[in-house]
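Reader: Please show me the structure. I would like to go through its packing in short questions.

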Amino acid sequence: MSQPIKCSLCEEAATVHLSQVVHGNVTKVHLCEACAQKGGATDPAVFQLADALTTASPAPTLTCPKCGFTDIDFRKRGRLGCPSCWETFGDVLGGLLLKVQHEASHVGRTPAGTPPTGQLRRRLDAARLEMEKAIASEDYESAARLRDEVAGLEKQLAPS
Amino acid sequence: MSSVEDILAAENELTHLLGAQQAVVLSTRIRLARNLDGLPFPGWAKVPQRKEISDRCVEALDALPNFRRGHVLRMGELGDRDRAVLVERHLVSKELAAGKSGAAVISRDQTCSVMVNEEDHLRIQVVKAGWHLRGTWHIAEQLDDALGGSLKLAFSDRLGYLTACPTNVGTGLRASAMVHLPGLCLAGHMDKVSRALNQDGLAVRGWLGEGTEAAGNVFQISNQQTLGLSEDAILKHLGGWIKNVVEQEWNARRRLAQEEGEKFTDRLARSLGVLRSARLLTSSEAMNMLSHLRLACDMGCLPEERRHLVDRLMIEGQPAHVQARAGQELDSDGRDRRRATVVREALKDFPEVVPPTA
């Protein structure tokens, strides 16, 4: 028996087969039930998926040194390989994060025992801005207070 | 007795009147996504690595007081029906139930459950009946701190808690409310409300989460953004909207009751009539009519203290629950027959529906 055709997106057996002809070039996409549903194979928009697949560069350009995960894997799965991937693919992910999260940095909790660096840094940025404003409006009393706060925060954030 | 049978038999907040059941908001849920430092995420990990992840996480969880006399369930050791029961109870996700290497650690009162080896190494979940956003958050926060004390979690100063999917990075926090919105649905306003919520960064899903339809007019509303907002800001944002939706739901209900008059009471009374005498009940039919009964309890058409029974039937009328109760596999007709029997029994001594007072 011949091997079943595998889904272009995951490793499941493909049950949905699509062809698209653009300027005489035939593109074929094979999808499993689940991926077809996700991609909306029932509507013509699925060909956007086909485009994404065919325009994807065939060779990985980035590989995580820690777990061997590549940018191609990310494009296929939409999930990362390991925590270190966040560093490896930082540049690629930066733009994506702005798209899906509208923000690029964490301001929430930190694990027990870890200094809340993110929060301190955010407060530092805010305090610097407030200080500039205070100086501009000649509110030197506030400016002096903010200068002390900025100095304090810088000290806390300096690598020990 | 298997652990899953234990879970089914135990009284808990969502199915029994142990916590205060409330009109409109069925439950509040907090989920935190966490990962161990230095190990690949479950979807990329090799089998022995997944085993290591599972062993380390389960050991750490088992040591916490929250899970004393609780349950440790390994998906690979459970039958299909048991796993389906856990999914129907929202104790585990469909994704976790579908794999072999996942595990769930569940507290005795079923308030806290942690999924191990789902999309992330750890998915901490806390659920309370009714609307208790802060209280639910505090339990999750305390669990997170306790776990962070015994496990080294993947965290970056800039990006926060590192997760497998970019949609969860940062706080890893998904806060949600399960809301019952028959008024907005009957009035035809649900699409509009959904759109408004979406536009302000909240997701609206059906009863069983992602990609499910809203059986019984029950919707899950949750935050989408996890990065660049503090936990407090995320909770405030969701809390403000839930308050707003609850108000709108009450307005829609009052308007309907007023405009429809007897027709309103009639609709609820008919549902009770059907539920009390049907011999065959499909799951979606049961959900939609139970939704009317819940509405009746909220509006003073049925005694409020019966609401918890309606909530329990919504959970226990789901297919795997019906089969687990019957103690056997049933085909679709068999399930519909059995569901009708359970509902009929439960509603036997229900009083008649009267015109609304709320």
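Questions and answers on strands, helices and the chain contact follow.

Author: This is a predicted model, where local features need pLDDT of at least 70, side-chain atom pairs count only at pLDDT 80 or more, and totals for chains, interfaces and linings use all residues. Residues are numbered from 1 along each chain as its sequence is written, while chains are lettered from A and ligands numbered from 1 in the order in which they are written.

Reader: Along strand 2 of chain B, which side chains point to one face and are buried?

Author: Strand 2 of chain B covers residues 71-74 and its side chains alternate. Strands (E, at least two residues) and helices (H or I, at least four) are DSSP runs, numbered from the N terminus. A residue is buried if 20 or more other C-beta atoms lie within 10 Å of its own, exposed if 12 or fewer, and partly exposed in between, with C-beta atoms placed from the backbone. Val72(B) and Arg74(B) point to the other face and are not buried, which leaves the buried face to His71(B) and Leu73(B).

Reader: Which residue stands opposite Val72(B)?

Author: Strand 2 of chain B pairs with strand 3 (residues 103-106) of chain B in the antiparallel sense, over 4 bridges. Pairing requires that DSSP finds at least two bridges between the strands. Opposite Val72(B), in strand 3 of chain B, stands Val105(B).

Reader: Is Asp6(B) buried, exposed or partly exposed?

Author: Asp6(B) sits in helix 1 of chain B. In sequence, Asp6(B) is 65 residues from His71(B), and their C-alpha atoms are 9.0 Å apart. With 13 other C-beta atoms within 10 Å, Asp6(B) is partly exposed.

Reader: How are helix 12 and helix 13 of chain B oriented to each other?

Author: Helix 12 (residues 319-326) and helix 13 (residues 332-347) of chain B pack at about 80 degrees, with axes 10 Å apart. Axes are lines fitted to C-alpha atoms, for helices over the stretch in contact, and angles run from 0 to 180 degrees between N-to-C directions. Angles under 35 degrees count as roughly parallel, over 145 as roughly antiparallel, 65 to 115 as roughly perpendicular and the rest as oblique. Helix 12 and helix 13 of chain B are therefore roughly perpendicular.

Reader: Which elements do the buried residues of helix 12 of chain B pack against?

Author: The buried residues of helix 12 of chain B are His321(B), Val322(B), Gln323(B) and Ala324(B). Contact means C-beta atoms, placed from the backbone, within 7 Å. The partners in chain B are helix 1 (3-9), helix 3 (80-88), helix 11 (307-316) and helix 13.

Reader: How are helix 9 and helix 10 of chain B oriented to each other?

Author: Helix 9 (residues 262-277) and helix 10 (residues 283-298) of chain B pack at about 125 degrees, with axes 9 Å apart. Among the residues that meet are Leu268(B) in helix 9 of chain B and Leu293(B) in helix 10 of chain B. The two helices of chain B, 9 and 10, are therefore oblique.

Reader: Is helix 10 of chain B roughly parallel or roughly antiparallel to helix 11 of chain B?

Author: The axes of helix 10 and helix 11 of chain B come within 9 Å and cross at roughly 165 degrees. That makes helix 10 of chain B, relative to helix 11 of chain B, roughly antiparallel.

Reader: Which element gives the largest share of the side of chain B that touches chain A?

Author: The contact takes 33 residues from chain B and 29 residues from chain A. Helix 5 (133-150) and strand 6 (155-156) of chain B each give two or more residues to that side. The largest share, 3 residues, comes from helix 5 of chain B.

Note on methods
Two residues are in contact if their C-beta atoms, placed from the backbone, lie within 7 Å.
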